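Some terms used for protein models rest on numerical cut-offs. The questions below ask how such terms apply here.

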Amino acid sequence: MFRLKELRLENGIKRSKMSADLGINAGTLANYENELRQAPYDYLVMFADYFDVSIDYLLGREGGGGAPLSGGALNSHEKTLISDYRQCSSTGKRRIEEYAGMCKDCLWK
């Protein structure tokens with residue numbers, strides 16, 4: 001069972017947004033979701049990275065690391081934060097990392 005459509009719907013992502021985010025045609029994505037065509041390996045990697053899951057999980061292989069890699073797929077807010085971070089200068093990224101470190105330290109006290 002290919003979990004691509006399931007993951008997209010669970011995360012409230014429209015097919016048009018996902019296809020735009022990944023730079024692929026929405027019809028092609030629909031073919032993969034509905035298992036009318038098999039996605040090539042590089043697309044499987046791209047889909048797994050997009051949802052932060054293993055390829056085995058994406059393909060429905062329960063015995064192969066059947067859970068999301070880091071607590072589940074990213075929600076849209078988390079993806080926006082990551083996208084914003086990637087657009088920052090190296091100084092901006094360093095400041096964000098320092099702030100995130102301070103916040104994480106507060107959680108343990």
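Q: Why are helix 2 and helix 4 called roughly perpendicular or roughly parallel to each other?
A: This is a predicted model, in which local features need pLDDT of at least 70 and side-chain atom pairs count only at pLDDT 80 or more, while totals for chains, interfaces and linings use all residues. Residues are numbered from 1 along each chain as its sequence is written, and side-chain values use heavy atoms, with hydrogens and water left out. Helix 2 (residues 15-22) and helix 4 (residues 41-51) pack at an angle of about 115°, with axes 12 Å apart. Angles of 65 to 115 degrees count as roughly perpendicular, under 35 as roughly parallel, over 145 as roughly antiparallel and the rest as oblique. Helix 2 and helix 4 are therefore roughly perpendicular.

Q: Which residues make the contact of helix 2 with helix 4?
A: Met 18, Asp 21 and Leu 22 of helix 2 and Met 46, Phe 47, Tyr 50 and Phe 51 of helix 4 make the contact (heavy atoms within 4.5 Å). These residues divide into six nonpolar, no polar and one charged.

Q: How do you know whether Ser 19 is buried or exposed?
A: Buried means under 20% relative accessible area, exposed over 50%, and partly exposed in between (1.4 Å probe, protein chains only). Ser 19 has a relative accessible area of 6%, so Ser 19 is buried. Ser 19 is found in helix 2.

Q: Which residues touch the most other members of the largest nonpolar core?
A: Of its 18 residues, they are Phe 2, Leu 4, Met 18, Phe 47, Phe 51, Val 53 and Leu 58. Helix 4 gives the most to this core, with five residues. A nonpolar core is a set of buried Ala, Val, Leu, Ile, Met, Phe, Trp, Tyr and Cys residues joined through side-chain atoms within 4.5 Å.

Conventions
Axes fitted to C-alpha atoms, helices over the stretch in contact; angles between N-to-C directions. Helix = DSSP H or I, 4+ residues; strand = E, 2+ residues; numbered from the N terminus. Nonpolar A, V, L, I, M, F, W, Y, C, P; charged D, E, K, R; others polar.
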